[in-house]
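Colleague: I would like to learn how to read a few features of a model. Could we take them one at a time?

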Amino acid sequence: MQKAIGIFDSGIGGLTVLKEIIAKLPREHTIYLGDTARVPYGIRSPETVTRYSFENTRFLLRQEIKMLVVACNTASAVSLNAVKKEFPLPIIGVLGPGARAAASATKTGTVGVIGTEATIGSGAYEQAIKKIDPAITVHSLPCPLFVPLAEEGWTDNDVAALVAEKYLARLRGSGIDTLVLGCTHYPLLKGVINKAMGNGITLIDSAFETAKEVAEVLDKLRWNRPGGGAVMRKYFVTDSPSRFEKVGKLFLKDANLTAEQVKVGGV
């Protein structure tokens, strides 16, 4: 099937998911929407996040996508079930794949989860992990400043290191051996998170697991795009494209990346 895979996130964090999808499925067309005018989602109410998710999905459906990836942990935690009920196409979130990877990785049976206030407040990761293995102990911690740091491109400087040290000190000594990066922005800060946590902690980035699930669903439906012809990569944002383009070019190693500013819902 020639239609594209649609991906949305609150900002640039979903590029971590897109990067893995491109690596896993290089022949597939992709359309990415970063809701940069309304980032961060993690401080919004569940009702607002759900409304944003519906508006983003409707925009991508107008681009005639064949599958939707909700590349935002907050939206996956708060609104994924509602989106699945409302829209008749295959929809994959990032939370489930991350929870399965964490349950598989832990040796001590003690897992940490960091995320936005909305994701942590929903308890969705803890529920998903315990559904796989009720014996696993989950320590959850909101780290709201990580998203604006990632959006600013401050991912590996003294400010990022200080914030990571301040937040993650609460998880050291908790007995966790596995830490879920429960926001797609957080892998951009993987270096400072690793340093703050110290040796012996496995970081779970759900992007790889999500891309694997996307490939499995396409195979099952026999919706893979056949080879041949140019591959389309489209990028849309709801605020000025300049910062997104700067980060996207570096992260995806695509010097030709350009993004179009669009109106989505009430933006």
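Colleague: Does Arg243 count as buried, partly exposed or exposed, and why?

Modeller: This is a predicted model. Relative accessibility under 20% means buried and over 50% means exposed. Arg243 comes out at 42%, so it counts as partly exposed.

Colleague: Which residue does Arg243 pair with in a salt bridge?

Modeller: Side chains of opposite charge can pair when their charged atoms come close. In this case the partner of Arg243 is Glu152, with 3.5 Å between the closest N and O atoms. Arg243 belongs to helix α11 and Glu152 to helix α7, so the pair ties together parts that are 91 residues apart in sequence. Glu152 is partly exposed because its relative accessibility is 40%.

Colleague: How many salt bridges are there by this rule?

Modeller: The count is nine. One of them joins Asp205 and Lys190, at 3.8 Å from N to O. Asp205 sits in the loop between β8 and α10 (206-221), and Lys190 in helix α9 (residues 190-197), so this pair ties together parts 15 residues apart in sequence. Lys190 has a relative accessible area of 32% and is therefore partly exposed.

Colleague: Where do Lys212 and Glu209 lie?

Modeller: Both are in helix α10, three residues apart, which is about one turn of the helix. Their salt bridge has its closest N and O atoms 3.5 Å apart. Lys212, at 31% relative accessibility, is partly exposed, and Glu209, with a relative accessible area of 23%, is partly exposed as well.

Colleague: Which residues are linked in a network of salt bridges?

Modeller: The network links Asp35, Arg38, Arg51 and Glu55.

Colleague: Now the pockets. Which residues line the second largest pocket?

Modeller: A pocket can be read by its volume, its lining and the elements that supply that lining. For the second largest pocket, the space is about 210 Å³. Its lining includes Ile12, Ala150, Leu188, Lys246 and Phe251, and also the salt-bridged residues Glu152 and Arg243. The elements giving two or more residues to this lining are α7 (146-152) and α11 (242-252). Helix α11 gives the most, with five residues. By class, the lining has six nonpolar, two polar and three charged residues.

Colleague: How much space lies in the largest pocket?

Modeller: About 500 Å³. The lining has 22 residues, and Leu80, Asn81, Leu95, Gly96 and Ala128 lie nearest the centre of the pocket. At least two lining residues come from each of α3 (73-86), β4 (91-93), α4 (95-105) and α6 (124-132). The largest share is that of α3, with seven residues. Sorted by class, eleven lining residues are nonpolar, seven polar and four charged.

Colleague: Last, the sheet. What is the strand order in the open sheet of four strands?

Modeller: A sheet is read by strand order, by the sense of pairing and by its edges. Here the order is β6-β5-β7-β8, and the pairing is parallel. The edge strands, each pairing on one side only, are β6 (137-142) and β8 (202-204). From one strand to the next, the twist averages 20°.

Colleague: How many bridges do β5 and β6 pair over?

Modeller: Six, in the parallel sense, with β5 spanning residues 110-115. For a register point on the structure, take Thr110, which stands opposite Thr137 in β6.

Key: Residues numbered from 1 in each chain as written. Predicted model: local features only at pLDDT ≥ 70, side-chain atom pairs only at ≥ 80, totals over all residues. Heavy atoms only, no water. Pairing = 2+ DSSP bridges. Axes fitted to C-alpha atoms, helices over the stretch in contact; angles between N-to-C directions. 1 Å grid on protein atoms, 1.4 Å probe; cavity = no way out; pocket = protein on both sides within 12 Å on 5 of 7 lines; lining within 4 Å. Points joined across faces, edges and corners; volume = space filled by probe spheres on them. Nonpolar A, V, L, I, M, F, W, Y, C, P; charged D, E, K, R; others polar. Salt bridge = Lys/Arg side-chain N within 4 Å of Asp/Glu carboxyl O. Buried < 20%, exposed > 50% of the residue type's maximum accessible area, 1.4 Å probe, protein only.
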